[in-house]
Amino acid sequence: MLGERTAMPWLTRRRFLLQAGFDAACWVPALWIAAIIRYDLVIDRVPVEQVAVFCALAVVLQFVIGRSVGLYVHRWRYATFEEVAAMALSGLLTAVALTAIDLLPRLGRPVPLSTTISGGLLAILGMAIGRFL
C-alpha cells in the first residue's frame, strides 16, 4: 500500500489545480452542445474552428477569472455555499467575457450569440453537478 500513502497527500496538495481543470473542462462540451443545438443538431453547419477557438478561450478565462474571484486560492471549503457562489460568479463572468468577445465588430460574430450564453449556463450547471456528486 505504499502507493496509497504517497498518492493522497499529492492529490490533496493539488486539489485546487484539479478543481480548476475540471471547471475549465466543463466549458468544452458545454459550448459544443450549445453550438450543435443552435444549428438544429446539424453538425455540418457548426463552425468548428470558431467553436474550438472559443473553447480554448473559455478554458483560459475560467482559470483567470476563477482565480481572481478566489475560487482556486483555498479561500473556501469545497462545495460550500460560498464556494458555489464564487463558482457561479466566475462562470457568469466567463460567459459575459465570451459574449463580449463575440460581439466585437471586427470579428464579425464568429459563433452565434446563443452559443456563448447557453454554453455558459451549461458550463455552470456542469461545474455545480461536479461539486455535488
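Let me begin at alanine 85, which counts as partly exposed because its relative accessibility is 46%, a value that falls between the 20% and 50% limits for that class. This residue lies in helix H4, which covers residues 81-102, and its C-alpha atom is separated by 9.3 Å from that of leucine 71, a residue 14 places away along the chain. Please keep in mind throughout that what we are looking at is a predicted model.

With that starting point in place, I would like to step back to the whole chain. The chain contains five helices and zero strands, so that, read along the sequence, the pattern is simply α-α-α-α-α. Taken along the principal axes, the C-alpha atoms fill a box of roughly 55 × 30 × 25 Å. The chain has 133 residues, and buried residues make up 36% of them. If we take the contacts between residues at least 6 apart in sequence, 68% of these join residues that are at least 24 apart. The chain exposes about 8000 Å², and carbon and sulfur atoms supply 71% of that area. As for charge, there are 12 positive and 8 negative charges, and their mean positions are 10 Å apart.

That brings me to the charged side chains. In general, side chains of opposite charge can pair when their charged atoms come close. In this chain the count comes to two salt bridges. Which residues do they link into a network? The network of salt bridges is made of Asp23, Glu83 and Arg131.

Taking the pairs one at a time, the side chains of arginine 131 and aspartate 23 meet at 2.8 Å, N to O. This pair links distant parts of the chain, with arginine 131 in helix H5 and aspartate 23 in helix H2, 108 residues apart. The other pair is formed by the side chains of glutamate 83 and arginine 131, which meet at 3.0 Å, N to O. Here too distant parts of the chain are linked, since glutamate 83 belongs to helix H4 and arginine 131 to helix H5, with their positions 48 residues apart in the numbering.

Are these charged residues buried or exposed? Arginine 131 counts as buried because its relative accessibility is 4%, which is under the 20% limit. Aspartate 23 is likewise buried, with a relative accessible area of 0%. Glutamate 83 is buried, as is its partner arginine 131.

Glutamine 19 belongs in the same discussion. Glutamine 19 lies in helix H2 and is buried, with a relative accessible area of 5%. What does glutamine 19 touch, once residues up to four places away in sequence are set aside? Its contacts are Leu71, Tyr72, Tyr78, Glu83 and Arg131, and two of these names, Glu83 and Arg131, we have just met in the salt-bridge network. Leu71 is also the residue whose C-alpha distance to alanine 85 I gave at the start.

Let me turn now to the surface. A nonpolar patch of about 730 Å² is made by Ile33, Ile37, Leu41, Leu122, Leu125, Ile129 and Leu133. The elements that give two or more residues to this patch are helix H2, residues 15-38, and helix H5, residues 113-132. Which of the elements gives the largest share? That share, three residues, comes from H5. One of the patch residues, isoleucine 129, has its place in helix H5, and it is partly exposed, with a relative accessible area of 42%. Helix H5 therefore holds both isoleucine 129, which is over the 30% that a patch residue needs, and arginine 131, which is buried.

Finally, two points on the backbone deserve a look. Alanine 79 has a positive phi of about 65 degrees although it is not a glycine. Where does alanine 79 lie? Its place is the loop between helix H3, residues 48-68, and H4, and at 22% relative accessibility it counts as partly exposed. Arginine 109, also not a glycine, has a positive phi of about 55 degrees. Arginine 109 lies in the loop between H4 and H5, and it counts as partly exposed, at 44% relative accessibility.

How values were computed:
Residues are numbered from 1 along each chain as its sequence is written. This is a predicted model: local features need pLDDT of at least 70, side-chain atom pairs count only at pLDDT 80 or more; totals for chains, interfaces and linings use all residues. Side-chain values use heavy atoms; hydrogens and water are left out. Patches are made of residues with over 30% relative accessible area and no salt bridge: like charges are joined within 9 Å, nonpolar side chains (Val, Leu, Ile, Met, Phe, Trp, Tyr) within 5 Å. Accessible areas come from the Shrake-Rupley method with a 1.4 Å probe; for residues, only the protein chains shown count as cover. A salt bridge is a side-chain nitrogen of Lys or Arg within 4 Å of a carboxyl oxygen of Asp or Glu. Helices (H or I, at least four residues) and strands (E, at least two) are DSSP runs, numbered from the N terminus. Buried means under 20% relative accessible area, exposed over 50%, partly exposed in between (1.4 Å probe, protein chains only). Contact means heavy atoms within 4.5 Å. Lys and Arg count as positive and Asp and Glu as negative; His and the chain ends are not counted. The place of a charge is taken as NZ of Lys, CZ of Arg, CG of Asp or CD of Glu.
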